[in-house]
Amino acid sequence: MLNNIKNKIASLGSELVYRLALLKHAPNLPALEEGDRIIINALKRDGVYVTTLAELGLNSTSDLLKTAYNQLSQMENANNDHLDKKWPQIYTVTDLSEISTWGREKRLLNIIENYIGLPITFHGVHLRKDFKSENQFGTLLWHSDAEDRRIIKIFVYLNDVEEKTGPFEYIPRSLTSLFSWNYWRIYYKLLKSSYLGINDEEVKEVIPKSAWKSCIGPAGTVIIVDTKKTFHHGTIRTEDRSALFFCYTANPPERPELCTQYWDDTYPKMELREQVENSR
Ligand SMILES: [Fe+2]
């Protein structure tokens, strides 16, 4: 009981510190390019903004794509046909400058800092292949991420994504706003799952499927999302899906131990194909 009270006081204290830091940093936020305010507004309203690499038009896009497809072609065969649960195949590609340079484009960082409201850090990039699955498990279950109070993840689809490819799906923030009845119902279910995630049937009891938003789109589709504030998941699929996942939080994040996976040895790292060939 005493510990509970102590924890509550500590979390209220840290929330207050966080709110003050937001106020203090507000005058220092970088200027946005014309039109980018739309992205911030969509993130605040829905939690998600969907665009394309072509629309963003960042200078390093062609290098990003060339390297990403090179690396994708080098991914080992997962040999998982016999498994019921085919866990995603993830490589850390943060050290590949052609990929990280895109993630560090100043315009992108400015947009993210304006949304997060504090100095930010770019943790890194995963190249990820999600396999076909008939059942919901792992990130196919509905969940929210835990690295920080506000997290921006940018997903770049590397193949066309339709219903059968298992698009990213989310519930607009306005339907689960803090202190709403839906918010508490969803998060109670999540708590009961030990934060591992809940399935479609459980979510339907709170938010009708007609309100869920599915992000289908061609290769090169870019999804910018606050994965903390937005309840989300990957959908079950009959075809594999490949994508890049970029991760950003405030600096420092609330849970730094959850962010190391983007640069440490949690997942294997890939060398550049040219480097491999040159070393032969
Ligand atoms: Fe997630």
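1. Two strands count as paired if DSSP finds at least two bridges between them. By that rule, six strands of this predicted model form an open sheet. The order is β1-β7-β4-β9-β3-β2, and the pairing is antiparallel.

2. The sheet has two edge strands, β1 (48–52) and β2 (89–92). Each of them pairs on one side only. On average, neighbouring strands are turned by 20° against each other, direction ignored.

3. Helix α2, residues 37–45, packs on this sheet. The helix touches β1 and β7 (221–226). Its direction makes about 140° with that of β1.

4. Look next at β3 and β9. Strand β3 covers residues 120–130 and strand β9 covers residues 241–250. They run antiparallel and are joined by 10 bridges. For one specific pair, take K129: its bridge partner in β9 is S242.

5. Now the interior. The largest nonpolar core holds 51 residues. Those with the most contacts inside it are I99, I112, I152, V156, I224 and L244. In soluble globular proteins, nonpolar side chains tend to be buried together.

6. I99 deserves its own entry. Leaving aside residues up to four places away in sequence, I99 touches L64, T67, A68, V93, V125 and L244. L244 is also listed among the core residues with the most contacts.

7. On confidence, the chain has a mean pLDDT of 94. Of its residues, 96% reach 70 or more. Residues 275–280 are another matter: pLDDT stays under 50 there. For this stretch the model has one contact beyond four places in sequence. Where pLDDT is low, the predicted coordinates should not be read in detail.

How values were computed
Residues numbered from 1 in each chain as written. Predicted model: local features only at pLDDT ≥ 70, side-chain atom pairs only at ≥ 80, totals over all residues. pLDDT = per-residue confidence, 0-100. Contact = placed C-beta atoms within 7 Å. Core = buried A, V, L, I, M, F, W, Y, C linked by C-beta atoms within 7 Å. Buried ≥ 20, exposed ≤ 12 C-beta atoms within 10 Å, placed from the backbone. Helix = DSSP H or I, 4+ residues; strand = E, 2+ residues; numbered from the N terminus. Axes fitted to C-alpha atoms, helices over the stretch in contact; angles between N-to-C directions.
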